[in-house]
Each structure stands twice: as C-alpha cells, then as structure tokens.
Amino acid sequence: MKMRLPIAVSVLFVLLAGSCNTESIENTNIPSSENAVLVEQELLGIVNDHRISLGYSSLLYSKVAYEYANTHTDYMIAKGSLSHDNFSSRASRISSEVNAEYVAENVAKDYPDAATALENWLESPNHRKTIEGEFTHTAVSVKKDSSGKFYFTQLFYR
C-alpha cells in the first residue's frame with residue numbers, strides 16, 4: 001500500500017526523530033562551513049556500490065537535497081551535536097520542490113572517513129533501512145567543525 005506524503009513524512013519523522021525539537025532555524029544566523037567534497041563523492045559512490053551489490057538501483061544525485069543537507073550539516077556544527085531537528089520542514093520543502101512522495105535522512109559525526117560512516121550506518125537497522133530503501137535520489141553533505149571532526153547529512157527521496 002502506498003503511503004501519501006503527509007502520512008509518510010509524519011511516520012518517518014516519528015521513527016527517525018522522535019526526540020528532536022521543533023525550534024525554527026529560519027531566523028538563526030548559522031555560519032557555513034566548507035564542504036569536504038572528496039568525502040562526499042566517496043560516500044555517494046560507496047552507498048551506490050552497496051545498493052547495487054544487493055540488486056537495488058543506484059541513487060541519482062539531487063542538487064535540491066544537497067542544498068538542504070548542507071544547511072542541516074552547518075546547523076549541526078553550530079549546535080555541536082547530531083540532530084534531526086526540523087526534519088519535517090526539510091522533508092516538506094524537498095517534497096514541494098521536487099514532488100517527492102517520501103523523504104528520509106541519515107546523520108552522523110566524528111567518523112574519520114566515508115567508509116567508516118557507511119559501515120556504522122549499516123550496523124544500525126534504521127540507517128540501513130534508509131540506505132537500502134526504495135529511494136531514487138540522494139545527496140550527502142560532509143563538513144568539518146573547527147576541531148576537524150566530520151559531520152554528515154544524507155538525504156534520500158523518491
């Protein structure tokens with residue numbers, strides 16, 4: 001049975017971000033950090049390699065998802081912690097811009113490289129389910145905080 005967008009976003013929000021707050025970041029000045037482009041490209045590649053090894057289709061890159069992933073990665077760096085804060089807003093905006101019916105998100109921090117981030121996501125049932133889910137598009141933002149630690153945000157949609 002096909003879930004409609006409002007229900008899917010609500011269910012996903014509860015599953016992935018049950019403890020997340022609803023504070024608005026729209027009027028907050030959040031500094032932008034430089035992207036670790038090589039790590040981003042590697043992670044996109046190994047996520048697709050993993051999917052293909054299981055018989056799933058590879059995910060197409062989405063510029064829209066990348067913009068929202070970057071904003072969220074900067075937010076997490078400014079906050080100094082992982083979060084799915086404001087996921088429902090990101091999901092709604094992505095959905096309205098690309099007519100997506102389902103949006104999901106994985107976040108991570110403090111992993112030294114793309115391979116370690118993917119390895120740890122795959123050890124988590126919820127993260128693995130997202131990576132192996134029925135999605136068509138993705139983008140990943142990877143940035144370092146001032147101490148040199150990586151933060152990761154990967155958005156998925158179909």
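The exercises below work through a predicted model of one chain.

**Exercise 1. Confidence and fold**

Find the mean pLDDT of the chain, and say where pLDDT stays under 50.

*Solution.*
- Step 1. The mean pLDDT is 87. Of the residues, 82% reach 70 or more.
- Step 2. The stretch under 50 covers residues 1-24. For this stretch the model has 34 contacts beyond four places in sequence.
- Step 3. Now list the elements. The chain holds six helices and four strands. Read from the N terminus, their order is α-α-β-α-α-β-α-α-β-β.
- Step 4. Turn to the contacts with a separation of 6 or more. Residues 24 or more positions apart make up 74% of them.

**Exercise 2. Surface and burial**

Determine what percentage of the chain counts as buried, and what share of its accessible surface belongs to carbon and sulfur atoms.

*Solution.*
- Step 1. The chain has 158 residues, and 48% of them count as buried.
- Step 2. The accessible surface is about 8,200 Å². Carbon and sulfur atoms account for 53% of that surface.

**Exercise 3. Asp145**

Locate Asp145 and describe the surroundings of its side chain.

*Solution.*
- Step 1. Place the residue. Asp145 sits in the loop that links strand E3 (137-144) to strand E4 (150-157).
- Step 2. Look for a charged partner. Asp145 is buried and has no salt bridge. Lys109 is the nearest side chain of opposite charge, at 5.9 Å. The cut-off for a salt bridge is 4 Å, so this pair does not qualify.
- Step 3. Check where Lys109 does pair. Lys109 forms a salt bridge with Asp110, with the closest N and O atoms 3.6 Å apart. Lys109 is partly exposed, with a relative accessible area of 23%. Asp110 is also partly exposed, at 38%.
- Step 4. Look for backbone partners of Asp145. A polar atom of its side chain lies 2.9 Å from the backbone nitrogen of Lys149.
- Step 5. Add the contacts from farther along the sequence. Leaving out residues up to four places away, Asp145 touches Ile77 and Tyr151.

**Exercise 4. Salt bridges**

Count the salt bridges, then describe the burial of the partners in Asp85–Lys79 and Arg128–Glu132.

*Solution.*
- Step 1. The count is six salt bridges.
- Step 2. Take Asp85 and Lys79. Their side chains meet at 2.6 Å, N to O. Asp85 is buried, at 3% relative accessibility. Lys79 is partly exposed, at 38%.
- Step 3. Take Arg128 and Glu132. Their salt bridge has an N to O distance of 2.7 Å. Arg128 is partly exposed, with a relative accessible area of 32%. Glu132 is buried, at 17%.
- Step 4. Recall the background. Side chains of opposite charge can pair when their charged atoms come close.

**Exercise 5. Positive phi**

For Asn86 and Asn99, give phi, the loop that holds each residue, and its class of burial.

*Solution.*
- Step 1. Start from the general rule. Most residues other than glycine have a negative phi.
- Step 2. Take Asn86. Its phi is positive, near 65 degrees. Asn86 lies in the loop between helix H3 (63-79) and helix H4 (87-98). At a relative accessible area of 12%, Asn86 is buried.
- Step 3. Take Asn99. Its phi is positive too, about 60 degrees. Asn99 lies in the loop between H4 and strand E2 (103-109).
- Step 4. Classify Asn99. Its relative accessibility is 69%, so Asn99 counts as exposed.

How values were computed
Residues are numbered from 1 along each chain as its sequence is written. This is a predicted model: local features need pLDDT of at least 70, side-chain atom pairs count only at pLDDT 80 or more; totals for chains, interfaces and linings use all residues. Side-chain values use heavy atoms; hydrogens and water are left out. Helices (H or I, at least four residues) and strands (E, at least two) are DSSP runs, numbered from the N terminus. Buried means under 20% relative accessible area, exposed over 50%, partly exposed in between (1.4 Å probe, protein chains only). Lys and Arg count as positive and Asp and Glu as negative; His and the chain ends are not counted. A polar contact is a pair of N or O atoms within 3.5 Å; within protein, one must be able to donate a hydrogen and the other to accept it, and residues adjacent in sequence count only if both atoms are side-chain atoms. Contact means heavy atoms within 4.5 Å. Accessible areas come from the Shrake-Rupley method with a 1.4 Å probe; for residues, only the protein chains shown count as cover. pLDDT is the predictor's confidence in each residue, from 0 to 100.
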